[in-house]
Amino acid sequence: MEYSVQLTFREEWVDGRLAYGLPGDDTPPFLILTAGQQIWMPDSFFQNEKQAHKHDIDKPNVLIRIHRDGLILYSVRISMVLSCPMHLQYYPMDVQTCLIDLASYAYTTNDIEYQWKKDKPVQLKNGLHSSLPSFQLNNVYTDLCTSKTNTGTYSCLRTILELRRQFSYYLLQLYIPSTMLVIVSWVSFWLDRGAVPARVTLGVTTLLTMTTQASGINAKLPPVSYTKAIDVWIGACLTFIFGALLEFAWVTYISSRSFYKRKKICSSRNSLLVETRQALIIPNTVVANFTEQPTDEVEMGLTDAPDVWVRHQNNGKTVTEVNGLLNHTNDGSGELIIIDSKHKNRRYVLWNNFKNLRLVRWARRRLDVDDNAKRADLISRVMFPTLFLIFNFIYWTKYSQYHVPAAI
């Protein structure tokens, strides 16, 4: 990564050979060298500079001022492109530190030693903190970066720029639109499962729109080997939108399966036995009410009811025999009910008691348990927004904490 900067670079040094005048004489306090006059100057260079040029319009923007005591001021206006290694784990909520390193190319610390000016070593233009298009300049620090190489030890000065990325652009261009796309994808949960064109079009359109938006954002970033905050957000939004599309496929599947299952049951009405979840019964069978035990306890063998119920006709009435207990009804049909033994399990009894709770009964009525396809839509209406809210809480808690990487 890189950034461009335009600055006025100033440095001062003392060269006794250029001192002039005597104390108390009328010589000017300083002299300004004109173009073409050459003196010795430090070989300063910027270590992390990639491109640079001096400004020459309409005259070279260079100032060389020599004072009477030999103090020399050198000032030049420069535009540079500098390298700035950035850490994008928290992008676009990141805080970056960019450096400007100044050192001598050939002279070691035995010849030249750079020092910062004690009073305001770095002067900033008014309004610079908030005038950058993508960043806000939080602070500017100065430090030393003296380095030791095979050819010697070289003095170095470092300027540290702390830049905080402007988040408002990404909030308006990415986060709010992507959130709206996720919410729009949930509209399919309220559409009838028979509206296949509407639900498919809604899911595919939101998915493609989110993909296009993600591609536009990532096109502006360099490829990195780690996951960025914006990757997590885009990936989660794509997952929720794709999940809504898969939910419709699942609803369509279970709806078709239930339809063919009911059709199969209806076609076998004339058979001897019809298999259900709880028993094998003869068609048109109605469970009798027993006077010896309450109906809700005996029904379908939830307590100590027998495994086999036998009904047979006796003088125009139906006599139901359950382990020796007889019940006479006016129903003239004979029937045989074989209860599945799993419903006498203690665990099933506990589950049945749980289902009889008021809150559970209300939820079961709302979920319309007799229609699995509709129940899937009703569950998705609650589950998807809840999971998205949980994700938002975790995401903003983690990535809203800015971590300023230390300058190397």
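UniProt positions appear here in the numbering used for this structure, with feature names shortened, and such annotations may be inferred rather than shown by experiment. With that in mind, the unreviewed UniProt entry marks three stretches as "transmembrane region": residues 167–191, 232–254 and 378–396. Before going on, note that this is a predicted model, where local features need pLDDT of at least 70, side-chain atom pairs count only at pLDDT 80 or more, and totals for chains, interfaces and linings use all residues. Residues are numbered from 1 along each chain as its sequence is written, and side-chain values use heavy atoms, with hydrogens and water left out.

Let's look at two of those annotated stretches. Helices (H or I, at least four residues) and strands (E, at least two) are DSSP runs, numbered from the N terminus. Residues 232–254 are 100% helix and 0% strand, and the C-alpha atoms at the ends of this span sit 32 Å apart. The stretch 378–396 is also 100% helix and 0% strand, with 28 Å between its end C-alpha atoms. Inside the span 232–254 you'll come across Cys237, which is buried at a relative accessible area of 0%. Buried here means under 20% relative accessible area, while exposed means over 50% and partly exposed is in between (1.4 Å probe, protein chains only).

Now for the strands. Strands of a sheet pair through backbone hydrogen bonds, either parallel or antiparallel. Two strands count as a pair if DSSP finds at least two bridges between them. Four strands make up an open sheet here, in the order 3-7-11-8, and their pairing is antiparallel. At the edges are strand 3 (44–46) and strand 8 (135–144), each of which pairs on one side only. On average, neighbouring strands of this sheet are turned by 20° against each other, direction ignored; the axes behind that angle are lines fitted to C-alpha atoms (for helices, over the stretch in contact), and angles run from 0 to 180 degrees between N-to-C directions.

Within this sheet, strand 7 (residues 95–104) and strand 11 (residues 156–165) run antiparallel and share nine bridges. If you want a spot to zoom in on, find Ile100, which stands opposite Thr159 in strand 11.

These two strands also bring us to the disulfides. A disulfide is a covalent bond between the sulfur atoms of two cysteines. Counting cysteine sulfur pairs within 2.5 Å as disulfides, a search of the whole structure turns up two. One joins Cys84 to Cys98, S to S 2.0 Å, and with -85° about the S-S bond this link is left-handed. Cys84 sits in the loop between strand 6 (71–83) and strand 7, and Cys98 in strand 7, so the pair ties together parts that are 14 residues apart in sequence. Both ends are tucked away: Cys84 is buried at 1% relative accessibility, and Cys98 is buried at 0%.

The other disulfide connects Cys145 and Cys156, whose sulfur atoms are 1.9 Å apart. Its torsion about the S-S bond is about -55°, so it is left-handed. Cys145 lies in the loop between strand 8 and strand 9 (147–149), and Cys156 lies in strand 11, eleven residues away. Cys145 is buried at 12% relative accessibility.

Elsewhere, strand 2 (residues 30–32) pairs antiparallel with strand 5 (residues 62–67) over three bridges, and Phe30 has His67 as its bridge partner. Strand 5 also runs antiparallel to strand 6, with five bridges joining them; here Ile64 is matched with Tyr74.
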